Amino acid sequence: QEEEELQSLEKRIQEFDPAVDGASISDFANLPISKATLQGLKEANFVTMTDIQKKTICVSLKGDDVMGTAKTGSGKTLAFLVPVIEALTRAQITEFDGLAALVISPTRELAVQIFEVLTKIGKYNSFSAGLVTGGKEVQFEKERVARMNILVGTPGRISQHLNETVGMDTSNLQVLVLDEADRCLDMGFKKQIDSIVGHLPPTRQTLLFSATQSDNVSDLARLSLTNPKRIGVSADN
Ligand code: ADP
Ligand code: MG
């Protein structure tokens, strides 16, 4: 039955045209996403999509790289978490498959927020998720991260794990998310992000989100995304 749901999901996504169908949908329930994710969203009271969610999730579900720009508070977290969860669901990733998605965020506080939303809406999905930030014992983390399907963390600590943790296999990575890319760069994380990207298979999907546009963000997008769809909802786009 699960196999059947996945097949019909795959078909719906193939038939889904963001340019045509995307314009007429408003609720998460209208998206070609799994029942599990829809249930998680519903229980967290997420029903109607925000603008950036409407415009980007449709495109991300098709597998394209996306560079999304929208001001703080516009709902960027779900704009990337829903496609991440769906990519793993459709690839039938379980806890035995190792690292399948990475979510990079500039601060510990933001990473914690993302992780909390992920565990809430991903409640009915079968992957494992871990939070990796500074301020915790790195050795303790190392024992757990090698088993995680989704890691959420800060650039410094994620790159440290990719460099140092034995058994960190990135060959199965499906999606990389660079959240608050503008802030990551302002905080001086360019080197760490480049190092992370260097560890990952080029076949992955990359989603980059930012509150503001800048030459630095465009440079990062050029280096880490492939033929990205650029989607903005703020006035300066
Ligand atoms: P951003 O990352 O763009 O600053 P967030 O993802 O942190 O924005 O979302 C801002 C707030 O909006 C959060 O409190 C979040 O729970 C809420 N929110 C996001 N998407 C929705 C939605 N579709 N429906 C209702 N509330 C939402
Ligand atoms: Mg955010």
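1. In this predicted model, the natural place to begin is the surroundings of ligand 1, where the largest share of the shell, 3 residues, is contributed by helix α4. The shell holds 13 residues in total, and the closest of them are Thr-72, Ser-74, Gly-75, Lys-76 and Thr-77. Sorted by class, the residues around ligand 1 comprise 8 polar, 4 nonpolar and 1 charged.

2. On confidence, a reader new to the structure may wish to know that the mean pLDDT of the protein chain is 93, with 97% of its residues reaching 70 or more. For the complex, the predictor gives an ipTM of 0.99 together with a pTM of 0.96. As a general caution, where pLDDT is low, the predicted coordinates should not be read in detail.

3. Helix α4, which spans residues 76-90, also has helix α3, residues 51-61, as a partner: the two axes come within 9 Å and cross at roughly 20°. Because angles under 35 degrees count as roughly parallel, α3 is described as roughly parallel to α4. The crossing in which α3 passes α4 is right-handed.

4. Which residues make the contact between α3 and α4? From α3 come Ile-52, Gln-53, Thr-56, Ile-57, Ser-60 and Leu-61, while α4 supplies Lys-76, Leu-78, Ala-79, Val-82, Pro-83 and Glu-86. Divided by class, this contact of α3 with α4 has 7 nonpolar, 3 polar and 2 charged residues. Lys-76 deserves a second look, since this residue of α4 takes part in the contact with α3 and is also listed among the closest residues to ligand 1.

5. A second helix pair is formed by α7, residues 155-164, and α9, residues 190-199, whose axes come within 9 Å and cross at roughly 40°. The crossing of α7 and α9 is left-handed, whereas that of α3 and α4 is right-handed.

6. On the α7 side, the contact with α9 is made by Pro-155, Gly-156, Ile-158, Ser-159 and Leu-162, and on the α9 side by Gln-192, Ile-193, Ser-195, Ile-196 and His-199. By class, the contact of α7 with α9 has 5 nonpolar and 5 polar residues but no charged ones, while the contact of α3 with α4 includes 2 charged residues.

Conventions: Residues are numbered from 1 along each chain as its sequence is written. Chains are lettered from A and ligands numbered from 1 in the order in which they are written. This is a predicted model: local features need pLDDT of at least 70, side-chain atom pairs count only at pLDDT 80 or more; totals for chains, interfaces and linings use all residues. Axes are lines fitted to C-alpha atoms, for helices over the stretch in contact, and angles run from 0 to 180 degrees between N-to-C directions. Helices (H or I, at least four residues) and strands (E, at least two) are DSSP runs, numbered from the N terminus. Angles under 35 degrees count as roughly parallel, over 145 as roughly antiparallel, 65 to 115 as roughly perpendicular and the rest as oblique. A crossing is left-handed if the near helix is turned anticlockwise from the far one by less than a right angle, and right-handed if clockwise. Two residues are in contact if their C-beta atoms, placed from the backbone, lie within 7 Å. Ala, Val, Leu, Ile, Met, Phe, Trp, Tyr, Cys and Pro count as nonpolar, Asp, Glu, Lys and Arg as charged, and the others, Gly among them, as polar. pLDDT is the predictor's confidence in each residue, from 0 to 100. A residue is near a molecule or strand if its C-beta atom, placed from the backbone, lies within 6 Å of it.
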